[in-house]
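Visitor: I would like to see how the labels on a model are justified.
Guide: Then let us take them one at a time.

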2 protein chains.
Amino acid sequence: MFEIIDLPDKAALAKLTTRYPMLDVPALETWLGLLRISGDCMNDLDQFLARHNLSQRKFFVLILLMRNPDGLKVSQLAEGTGVSCATMTGVVEGLLKAGLITRETDPQDRRAFVVAITTNGQDLLDQVLPQHYTRIKSITACLDPGEQKQLQTLLSKIAFGLHETRSRKL
Amino acid sequence: MFEIIDLPDKAALAKLTTRYPMLDVPALETWLGLLRISGDCMNDLDQFLARHNLSQRKFFVLILLMRNPDGLKVSQLAEGTGVSCATMTGVVEGLLKAGLITRETDPQDRRAFVVAITTNGQDLLDQVLPQHYTRIKSITACLDPGEQKQLQTLLSKIAFGLHETRSRKL
DNA sequence: CAAATATATTTAGCTGGCTAAATATATGCC
DNA sequence: GGCATATATTTAGCCAGCTAAATATATTTG
């Protein structure tokens, strides 16, 4: 997790700039601010979910399964939550043990397993998601609708800049 | 790492709202957007640093040591980069092996070690930081100075909202 | 001054990522 | 039909976090 506590102050930044003239202080502050705040949000999410014995990964898997009542293959879960199949095997293992999902062989493809949410799993989501959504509403409550739109626009510009930077192979 | 690939579309969100009426769709979109983009930036940073055989943690440690030429204790490094002392022991181990830092007993406190950056370590930073700062400038280049200020303001409102939410123990 | 407490670091063992290789099954192409 | 290739999953082994307990040294206090 990104968690710089000891951020440079103005004096430190000035010194850095003499050593590294390409340093754009406002750009760095913007970037640091983004990663810092979002890191805090991420930690907060982890702590909230931990109270329900869930990790981010398990939580996302349950949500994906709720959206797909016919079940999903392990590989689809891996792709949908951005981890490898090997990792997803472990996540599925944990959720199975907790009784939150089922895993059955796919009648269409005997290589594959179809994973589906159980009543217990849905009950857990029905308990966690209302709190989760209430928290998210509270976290963003300081932004009026216009500001939320603004933030999303600015973030998408960053996403574009990131994409550009990568395609320029910097 | 936060990495939801399969975000809900409008139809899925509408369905969710009927099940969970407290769901504020724009708030959720704002929050998801923030964590998504910053997750992408984080992955990008990891990949960039990996090309120089550095992790985020090692990188931050080297930067802290550059800012503190007289060296820092293991506990100070742990605190400054947001990990436990136990974890920092491992990070220091790796940096020692790579010849980027030194570790000597503190003459003032024989329980402690003082860690300092070596010439090799500084040379590595002198190679990595210019690229790093150039990349950050490029990533944020789509935002003019006013927009950068705006983004920072909006982010600090989120930080405030997060703090409020936590102190309300939601 | 000696005992209790606090601080600095390390060790051991856990968790949850990862990749690469193994296994099983499907699919495509002669 | 049968071989080559592709896909789905698991296993094994690595890395980097974490906490709790161990060790060593400082500091405080009766």
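The exchange below concerns a predicted model and the reasons behind some of its labels.

Visitor: Why is the pair of Tyr20(A) and Tyr133(B) called tilted?
Guide: The ring centres of Tyr20(A) and Tyr133(B) are 6.0 Å apart with the planes at 55°. Rings pair if their centres lie within 6.5 Å, and planes count as stacked under 30 degrees and as edge-to-face over 60, so the rest are tilted. The pair is therefore tilted.

Visitor: What makes this pair one that joins two chains?
Guide: Tyr20(A) is in the loop between helix 1 (10-19) and helix 2 (25-50) of chain A, while Tyr133(B) belongs to helix 6 (residues 119-139) of chain B, so the pair joins two chains.

Visitor: Why does Tyr20(A) count as buried?
Guide: Its relative accessibility is 2%, and buried means under 20%. Tyr133(B), at 5%, also counts as buried.

Visitor: What makes the contact of Arg111(A) with DNA strand D a polar one?
Guide: A polar side-chain atom of Arg111(A) is 2.6 Å from a base oxygen of the strand, and the cut-off for N or O atoms is within 3.5 Å. For Thr89(A), a polar side-chain atom lies 2.7 Å from a phosphate oxygen of DNA strand D.

Visitor: How do you know that the charged end of Arg103(A) sits over the ring of Phe113(A)?
Guide: The charged end of Arg103(A) is 4.8 Å from the centre of that ring; the limits are within 6 Å of the centre and within 35 degrees of the ring normal. In chain B, the charged end of Arg103(B) sits over the ring of Phe113(B), 4.8 Å from its centre.

Methods. Residues numbered from 1 in each chain as written. Chains lettered and ligands numbered in written order. Predicted model: local features only at pLDDT ≥ 70, side-chain atom pairs only at ≥ 80, totals over all residues. Heavy atoms only, no water. Polar contact = N/O pair within 3.5 Å; in protein donor to acceptor, adjacent residues only side chain to side chain. Helix = DSSP H or I, 4+ residues; strand = E, 2+ residues; numbered from the N terminus. Buried < 20%, exposed > 50% of the residue type's maximum accessible area, 1.4 Å probe, protein only.
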